[in-house]
Amino acid sequence: MTATHKRKAWKKLQSHYDKIKDVHMRDMFKEDDHRYSKFSLTLNDILFDYSKNRITQDSVDLLLELAKECEVEKWRERMFDGEAINHTENRAVLHSALRNRSGKQMFAQGENVMPDIRQELERITRLANSIRTRQWRGATNQPITDVINIGIGGSHLGPMMATEALHPYAIHDLKLHYVNNIDENHINNTLETLNPETTLFIIASKSFTTQDTMMNAETARDWLLHKIGDESLLELHMVAVTSNTEAAVKFGINEQNVFKMWDWVGGRYSMWSAIGLPIVISIGPENFEMLLQGAYEADQHFRNAPLDENIPVIMAMLGIWYNNFFHSESIAILPYDQNMHRFPAYLQQADMESNGKAVDREGNPVEYSTGPVLFGEIGIASQHAFYQLLHQGTKLVPADMLAPISNYSCLSNHHRALMSNVFAQTEALMMGKTEEEVIAELTAEGKSEEEIKFLLPYKLFPGNKPTNTFLFYTLDPKTLGTLIALYEHKIFVQGIIWNLNSFDQWGVELGKKMAKTILDELADNEMIETHDSSTNGLINYYLKLRTLNPNNN
Ligand code: F6P
């Protein structure tokens with residue numbers, strides 16, 4: 001297998017990069033009136049404008065040549081066909097089957113998975129409906145008012161992000177809560193004001209062995225027992241989502257209330273499965289189906305659109321362009337929608353756990369840079385926090401801006417002001433501010449020549465900072481589903497280009513194992529000498545000082 005950076009298209013891209021690396025987007029726009037229409041695509045009402053990138057038509061052509069040379073299309077079909085492309089775990093990668101609305105069969109390593117998927121979807125629909133209609137009753141015959149999802153990583157971020165994003169669709173007399181942190185502050189703060197008799201816990205863990213989740217689940221069980229008393233009634237307050245039914249039942253959850261997931265769905269791609277139960281409870285089954293529908297439409301687009309009209313492919317290849325040729329290290333995700341405030345965190349796991357790898361599919365160390373550092377926040381808030389670095393710092397940080405055209409009250413001044421910032425920021429990042437412009441501005445402000453000379457270097461904006469902009473009519477379930485699936489496929493394509501297995505996550509194992517050993521060492525106050533001097537020093541400092549708090553021993 002030819003290493004990615006030795007491919008013909010890669011070499012062509014390198015010489016193309018040498019030619020255009022210093023060309024300013026200002027000039028690119030000046031030279032071509034059609035740049036926007038040339039470099040923007042739509043899918044349903046989602047507009048993807050990628051014209052504010054440091055690309056020409058040649059760049060796009062060469063990037064797509066690379067995608068072809070790396071056989072993105074072949075790998076895409078292998079994924080949809082349910083081959084075990086997660087080769088280190090011998091698993092298919094079939095999150096697309098979870099949102100398959102075609103009525104056609106889909107196979108994981110030869111087995112039709114659709115009947116099982118439909119069955120679990122019906123089961124979570126029934127459960128959600130019974131909670132939403134107040135038919136599900138707790139131990140003291142009261143309806144549920146609060147649902148707490150206990151899970152972490154993929155068993156937390158998707159449902160949490162989506163219920164926040166779809167807040168306008170949420171049922172009002174039910175509150176959703178999320179606990180992921182093993183730090184007891186999280187569960188304690190959450191339980192503080194809740195009534196066990198009207199609270200239902202969802203213990204969400206694909207493995208049902210994750211320490212953080214299991215410890216929180218036990219604390220939740222104790223909290224329930226304390227009030228409810230009768231252990232046999234706990235099943236009215238706890239359900240589980242897992243692929244390890246046996247462990248959930250052993251924990252005390254009624255098998256009828258254990259909802260299945262499968263090994264061919266990775267944790268970070270699992271919000272479309274029963275892991276999405278909190279979403280169904282919050283927004284209702286019909287809206288959840290629209291979320292699936294949106295993702296399904298993105299799957300169809302990814303599968304069928306030619307590469308030069310294929311949004312996730314273009315997103316991916318632009319990412320390769322900056323990561324591997326401009327050597328940019330990060331990417332910013334900047335939603336201009338308050339309800340999307342957990343979207344960057346969700347994508348952080350999706351992207352960084354998938355492509356944060358340095359060994360290729362053949363087990364060789366890669367000789368090129370792979371997954372970027374993904375970070376982000378709500379756009380507006382970030383403008384007053386880290387945009388300074390985006391505009392004038394020394395690093396190139398490509399950014400994705402996402403904004404709804406209608407915000408449920410689209411005539412409000414707030415939304416218009418918000419949108420003006422989206423447009424202004426992408427323009428400012430691209431255009432920058434030249435010496436002549438700064439001088440003209442300061443002169444108009446009445447500054448002296450001396451003052452202008454002093455201020456000039458600080459007031460310059462180099463511009464030429466790339467952004468993609470997604471505009472969509474409104475953040476409804478379908479649009480959210482489409483957006484997430486587009487990013488999933490972007491990550492997939494990049495994994496293929498970098499020749500990685502994007503679907504395992506061995507890198508999370510080491511720390512987990514070591515924490516187990518250290519947990520045993522924290523059982524008493526014996527000084528520790530088994531680690532390096534720093535780790536010994538930190539543990540021993542902790543052991544010594546924790547005695548100050550008698551509860552800590
Ligand atoms: O530690 C990482 C991880 O394995 C993620 O990949 C996963 O989403 C998360 O932990 C939670 O795992 P589980 O659902 O098995 O509790």
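How far is an oxygen atom of the ligand from an N or O atom in the side chain of Gln349? The distance is 3.2 Å. Keep in mind that this is a predicted model. Here is a short tour of the ligand site, followed by a look at one β-α-β unit.

**Where the ligand sits**
- The ligand occupies the largest pocket.
- There are 14 residues around the ligand, and the ones that come nearest are Gly154, Ser155, Ser205, Ser207 and Thr210.

**Polar contacts to the ligand**
- Ser207, one of those nearest residues, has a polar side-chain atom 2.6 Å from a ligand oxygen atom.
- Glu353 also offers a polar side-chain atom, which lies 2.8 Å from an oxygen atom of the ligand.
- On its own the ligand has 390 Å² of accessible area, and the protein covers 86% of that.

**The β-α-β unit**
- Strand β10 spans residues 330-335 and strand β11 spans residues 373-376.
- These two strands pair in the parallel sense, with 4 bridges between them.
- If you would like one pair to look up in the structure, try Ile333, whose bridge partner in β11 is Gly376.
- Helix α15, residues 343-355, joins β10 and β11 in making a right-handed β-α-β unit.
- Gln349 and Glu353 fall within the residue range of helix α15, and each has a side-chain atom in polar contact with a ligand oxygen atom.

How values were computed. Residues numbered from 1 in each chain as written. Predicted model: local features only at pLDDT ≥ 70, side-chain atom pairs only at ≥ 80, totals over all residues. Heavy atoms only, no water. Pairing = 2+ DSSP bridges. Right-handed = clockwise from strand over helix to strand, strands pointing away. Near = heavy atom within 4 Å. Polar contact = N/O pair within 3.5 Å; in protein donor to acceptor, adjacent residues only side chain to side chain. Areas by Shrake-Rupley, 256 points an atom, 1.4 Å probe, with all protein chains shown as cover. 1 Å grid on protein atoms, 1.4 Å probe; cavity = no way out; pocket = protein on both sides within 12 Å on 5 of 7 lines; lining within 4 Å. Sits in = over half its atoms within 2 Å of the grid points.
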